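I open this notebook to record, step by step, where empty space is left in one protein chain and what lies around it. My entries follow the order in which I looked things up.

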Amino acid sequence: MKRELTPDQLRDFRKRLLDWYRRHRRILPWRRTRDPYAIWVSEVMLQQTQVKTVIPYYRRFLGRFPDLAALAHAPLQEVLKVWEGLGYYTRVRNLHRAAQRLVRENGGALPAAYEQWKQLPGVGEYIAAAISSIAFQQPCAVVDGNVKRVLSRLFLCDEPVNRSPSSGVFGSLADQLLDRDKPGDHNQAMMELGATVCRPRRPLCPRCPVRGYCRAFREGVQGRYPVRLARTALPEVSVAVGVVHREGRVLITQRREKGLLGGLWEFPGGKIQPNESPAQACRREIHEEVGLVVEVGTRIARIKHAYSHFKVMLQVFSCRYLRGKVRLKGPVNFQWVWPEELENYPFPAANRKFLPLIQQSWERFFGPDDGPGGDE
Ligand code: SF4
């Protein structure tokens, strides 16, 4: 299938796209700035997250860390707290590390070139192309999920969008279309077209500025594109979690910085084995993970949560501290905190769902007293 457009067609395509974008683009906070740092923050947040979810986080993040130096000098805990709830925490740990590296090694200056951006932690092809084109007008074509969908329909491209790297066939197609005089606006226009007109279901073709170039529209097969490989079902993990109460405080532990949910705080617990009840698993996991002996009370909550590669079912119990000294195996830190202090710590979304239930469930099951003192 021929996929090249003539120079005249390319000129016309780019002009139609750009005229449409200038008239119809959404007013978004990161489109009002030329500050590369702010654009970088927005692009990191927008990976795997919808625009309407990102907007309040973007404002809060820039309010607290208005420039690279402010971010680089902030403790990771504080950065995680501001990011809390946005998910995919590796993104913000990498952003923080990259900011520190730029302050340490580059005098706090942001690079302009695509290749330099790609040297930074967490910056892949998409982010490097987006920042270098939008903030520095470098001629780099951006390929995200929205752009792949548009390209797939424009050119009847059978390459599965969920298996194809940005640099593959979609990268070549995007590069062909790129307006090298206005790469930032062109890239944003392609993404905007995918987000608002060439939608995954029921694309709004009559409003599309480039429908004259769209083969899917011409043949009436928009619904067959983009091609996707079927997803395998996510495995589900059952986990028991204990909120251990001692003299009015509860025990929280901190995950190590590397890996899933790194640096966040949580309550001790772990996988339920096939031969044990959730309550037995809770008691065993707490003993193995933090070295404490506890009495397991009634269940506070059952929480379902989906991560990118698995689903988890948390069964959460109120527990009474009986004896032992905290000895960490797995977590890197722990704190006994008052329930009202939990707000100050960054928790994963699944843990946040049951935080409001902690105090009332303790009083319901064990009474409003302070609980045993123990020997720690
Ligand atoms: Fe997408 Fe329809 Fe435009 Fe083709 S004509 S690019 S299917 S919105």
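Entry 1, the enclosed space. I began with cavities in this predicted model, and the count of those of 30 Å³ or more came to one. For the largest cavity I noted a volume of about 90 Å³. I then listed the residues that line the largest cavity, and they are Val150, Arg153, Leu154, Val197, Cys198, Pro203, Leu204, Cys205, Cys208, Arg211, Cys214 and Gln222. Sorting this lining by class gave me nine nonpolar residues, one polar residue and two charged residues.

Entry 2, the ligand. Where does the ligand sit? I found the ligand in the largest cavity. Around the ligand I wrote down Arg153, Val197, Cys198, Cys205, Cys208, Arg211, Cys214, Phe217 and Gln222. By class, the shell around the ligand holds six nonpolar residues, one polar residue and two charged residues.

Entry 3, the largest pocket. I turned next to the open spaces, and for the largest pocket I noted a volume of about 1,500 Å³. Its lining is made of 37 residues, of which Leu46, Gln48, Asp144, Gly145 and Asn146 are the closest to the centre of the pocket. When I asked which elements give two or more residues to this lining, I found α2 (36-46), α3 (51-64), α8 (125-134), α9 (145-154) and α11 (183-196). Among the elements, α9 gives the most to the lining of the largest pocket, with five residues. The lining of the largest pocket divides by class into 14 nonpolar, eleven polar and twelve charged residues.

Entry 4, the second largest pocket. I noted about 540 Å³ of space in the second largest pocket. There are 31 residues in its lining, and the closest to its centre are Leu86, Gly87, Tyr88, Tyr89 and Arg91. The elements α2, α6 (90-105), β5 (293-306) and α14 (349-352) each supply at least two residues of this lining, and α6 gives the most, with four residues. By class I recorded 17 nonpolar residues, 13 polar residues and one charged residue in the lining of the second largest pocket. Why does the second largest pocket lie between domain 1 and domain 2? My answer is that domain 1 (7-224) and domain 2 (236-366) both give residues to the lining of this pocket, so the pocket lies between them.

Entry 5, the chain as a whole. I stepped back and noted 15 helices and seven strands in the secondary structure of the protein chain. Taken along the principal axes, the C-alpha atoms of the chain fill a box of roughly 80 × 50 × 30 Å. The chain has 376 residues, and 51% of them count as buried.

Entry 6, one residue looked up by itself. I chose Leu156, which lies in the loop between α9 and α10 (169-177). Is Leu156 buried or exposed? Its relative accessible area is 7%, and because buried means under 20%, I recorded Leu156 as buried. I also looked up a distance from this residue, and the C-alpha atoms of Leu156 and Ser238, which are 82 residues apart along the chain, are separated by 43 Å.

Definitions and conventions:
Residues numbered from 1 in each chain as written. Predicted model: local features only at pLDDT ≥ 70, side-chain atom pairs only at ≥ 80, totals over all residues. Heavy atoms only, no water. Near = heavy atom within 4 Å. 1 Å grid on protein atoms, 1.4 Å probe; cavity = no way out; pocket = protein on both sides within 12 Å on 5 of 7 lines; lining within 4 Å. Sits in = over half its atoms within 2 Å of the grid points. Nonpolar A, V, L, I, M, F, W, Y, C, P; charged D, E, K, R; others polar. Points joined across faces, edges and corners; volume = space filled by probe spheres on them. Domains from an automatic or database assignment. Buried < 20%, exposed > 50% of the residue type's maximum accessible area, 1.4 Å probe, protein only.
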